[in-house]
Amino acid sequence: MNWKTIIYVILLVSLTVVKALPRSYRDIEEKTSIGHRFSQLQEKNFKAIAMIMFAQHVQGGTFGKAVKMAEDVTDLAKKCAAAARGNPDCLKPLDRIFLDTICQEENLPRFTDCCAKKDPERNDCFLSLKNSSRGFISPFERPNAEAACKNHSQHQHSLTGYFIYEVSRRHPFLYAPTILSVATRYDEMMKNCCGRAEDPTHNLEECFRRQAPKVVKPVKEDGLRQEHTCGILKKFGERTIKALKLAQISQKFPKADFVTVNKLVMDIANMHKDCCRGEMLDCMHDREEILHYVCTNQHILSSKIKKCCEKPLLQRSECIVNAENDDKPADLSPHVREFIEDKGICERFAQEKDTHLARFLYEYSRRHPEFSAQMLLRIGKGYEDLLKECCKTGAPDDCFSRGEEELKKHIYETESVMKTSCDIYKEKGDYYFQNELLMSFTKKMPQLTSAELIKFTKQMTAIGSKCCQLSQDKLLPCAEENLDLVLGEICRRHLTDPINPGVCHCCSSSYALRRPCMGKLEIDENYVPLSLTPSLFTFHEDLCTTEDEKLQHKKQEMLINLIKYKPQITQEQLTSVTAAFTAMREQCCKEENPEACFVKEGPELIKRSEKMLSA
């Protein structure tokens with residue numbers, strides 16, 4: 001890109017943006033006033049956030065168009081902050097002003113239908129068009145290192161602005177603070193690598209290759225978590241998000257009382273509602289207020305977040321989320337028997353219902369940091385079902401004790417599933433463990449493409465690598481909470497392009513039961529297997545590659561096609577076909593002309609395999 005053609009030189013990032021936000025709670029008018037927001041943030045910061053918002057909403061728009069819209073909104077905000085309180089545009093909610101600006105732009109046909117709607121339907125329509133799937137926008141082209149450094153030295157602020165625009169449009173659900181934090185890391189990388197460009201011993205390409213992952217990592221991780229949370233909120237509602245946050249906060253801050261934890265739960269749920277609706281400024285403000293509350297009240301919350309609260313604001317949230325759980329109070333009893341044995345329990349449930357259930361989840365969660373949040377939600381749901389059953393007139397005397405037995409059984413089953421998975425992982429290693437997952441998930445979800453099945457099972461294998469080495473008390477939270485992210489991604493894929501009724505049931509019936517539900521799925525009986533056409537299995541000399549990763553990928557694609565052709569394949573049949581393939585590959589790769597060998601032997605292998613599979 002020729003940076004000399006850029007008319008707008010925006011000083012987009014002082015990157016202290018959130019520090020400009022006030023710490024007092026706002027009334028509704030202040031919360032939605034564009035003039036008030038402009039005064040809080042000041043021009044550069046307001047324009048930076050406007051830029052992010054437009055790039056996230058109009059992903060296919062040019063950099064120049066995003067800049068123009070950011071300029072237009074900033075001009076209006078400046079007037080409203082000065083004296084134009086009588087201007088009706090100044091009284092509009094912020095999200096409406098942003099969408100009006102997009103709808104007034106020409107040459108944006110993709111948004112015509114959305115712009116014809118009235119709010120809040122218009123906002124929902126715009127959100128539905130956000131696309132975070134890879135390939136929707138072409139991936140970043142890695143620039144020549146020397147050219148990148150030259151651009152940075154001549155156009156530092158514009159280059160950072162362009163980077164923010166490119167990140168924002170590829171990650172339309174990503175928090176603005178994350179994008180601004182990533183831009184800081186990007187700037188640091190450019191300065192570190194380009195600062196020594198004149199040094200003949202300095203390898204520019206190597207410097208970028210080494211530092212780039214540190215820039216990209218929070219984009220991928222935070223973007224996935226934000227989209228995941230919004231997916232849960234949209235599909236399962238506010239009650240589920242509150243229950244999930246209640247379990248997580250109770251585990252992290254076991255010394256905090258119920259009222260304090262419940263206040264944090266409400267504030268965080270409201271923040272996610274704002275963030276998931278695309279109300280970015282309110283989202284940022286909510287987040288800053290929560291961080292301020294947590295850090296000013298750390299004496300009653302946790303002894304483990306002191307260092308986090310000393311960090312710059314943009315790094316504080318990530319630090320607190322990743323901080324260790326605080327130690328349990330010394331006088332905390334190991335059991336919560338009062339929730340079963342107290343005589344007034346049914347009366348209390350009838351009168352308070354959700355509050356009573358929340359208290360149970362709080363008390364149980366703070367006692368069990370070794371459980372995953374999803375498992376704690378299943379326990380909470382089990383307790384609710386138990387109360388409904390046992391508080392009925394005529395319920396048997398041993399009703400509650402039978403519920404306790406069911407709880408113990410569920411805990412044992414969950415721990416056994418995770419232990420068995422880790423045992424298989426430790427025995428087989430990454431590649432063969434992934435193959436086991438590929439066989440299972442291809443049978444459950446044969447409608448997924450080979451690329452999707454390989455991607456999802458690779459993510460699950462990485463969870464094994466990360467979590468199976470941990471101690472028993474950390475295994476379950478690590479494994480199930482990371483697995484939940486992958487299952488969430490599968491469910492969002494299902495929403496975009498339905499997979500099958502079994503997946504539909506697991507993705508929509510219950511958030512807490514999603515993982516065990518997926519685990520119980522078996523072969524999709526309604527799936528019509530692939531026909532054995534000449535193109536289904538092709539063998540070429542690239543199978544002789546010495547690069548393990550490439551060869552393993554090709555083998556996995558063949559494994560997927562084999563299962564899609566024969567979903568009922570037995571382990572014995574698979575072993576026989578695999579052995580025959582391995583023998584053919586070894587034979588052909590020794591030949592002077594491997595390609596000719598594969599052309600001859602490939603069809604023969606397919607015929608023999610057909611017989612093995614029909615036996």
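Biologist: How do the residues of the lining of the second largest cavity divide into nonpolar, polar and charged?

Modeller: Happy to help! In this predicted model, that lining has 11 nonpolar, 4 polar and 1 charged residues. Cys275 and Phe173, two of the residues nearest the centre, are of kinds that count as nonpolar, whereas Lys130 counts as charged and Gly278 as polar.

Biologist: Which elements supply at least two residues of that lining?

Modeller: Those are α3 (43–57), α11, α13 (258–276) and α14. The lining has 16 residues, and the space inside is about 120 Å³.

Biologist: What makes this space count in a search for cavities of 30 Å³ or more?

Modeller: Its volume of about 120 Å³ is set against the cut-off of 30 Å³, and the search of the whole structure finds 2 cavities.

Biologist: What is the volume of the largest cavity, and which residues lie nearest its centre?

Modeller: The volume is about 180 Å³. Of its 15 lining residues, Pro177, Thr178, Arg287, Leu314 and Ser317 lie nearest the centre. Two or more lining residues come from each of α10 (176–194), α11 (204–236), α14 (280–296) and α17 (313–322). The lining divides into 7 nonpolar, 3 polar and 5 charged residues.

Biologist: Let's turn to a single residue. Why is Asn123 called buried?

Modeller: Asn123 has 7% relative accessibility, and buried means under 20%, so Asn123 counts as buried. Asn123 lies in helix α7 (residues 121–129).

Biologist: Which residues is Asn123 in contact with, leaving aside neighbours within four places in sequence?

Modeller: Those are Leu99 and Arg277; contact here means heavy atoms within 4.5 Å.

Key. Residues numbered from 1 in each chain as written. Predicted model: local features only at pLDDT ≥ 70, side-chain atom pairs only at ≥ 80, totals over all residues. Heavy atoms only, no water. Helix = DSSP H or I, 4+ residues; strand = E, 2+ residues; numbered from the N terminus. Buried < 20%, exposed > 50% of the residue type's maximum accessible area, 1.4 Å probe, protein only. 1 Å grid on protein atoms, 1.4 Å probe; cavity = no way out; pocket = protein on both sides within 12 Å on 5 of 7 lines; lining within 4 Å. Points joined across faces, edges and corners; volume = space filled by probe spheres on them.
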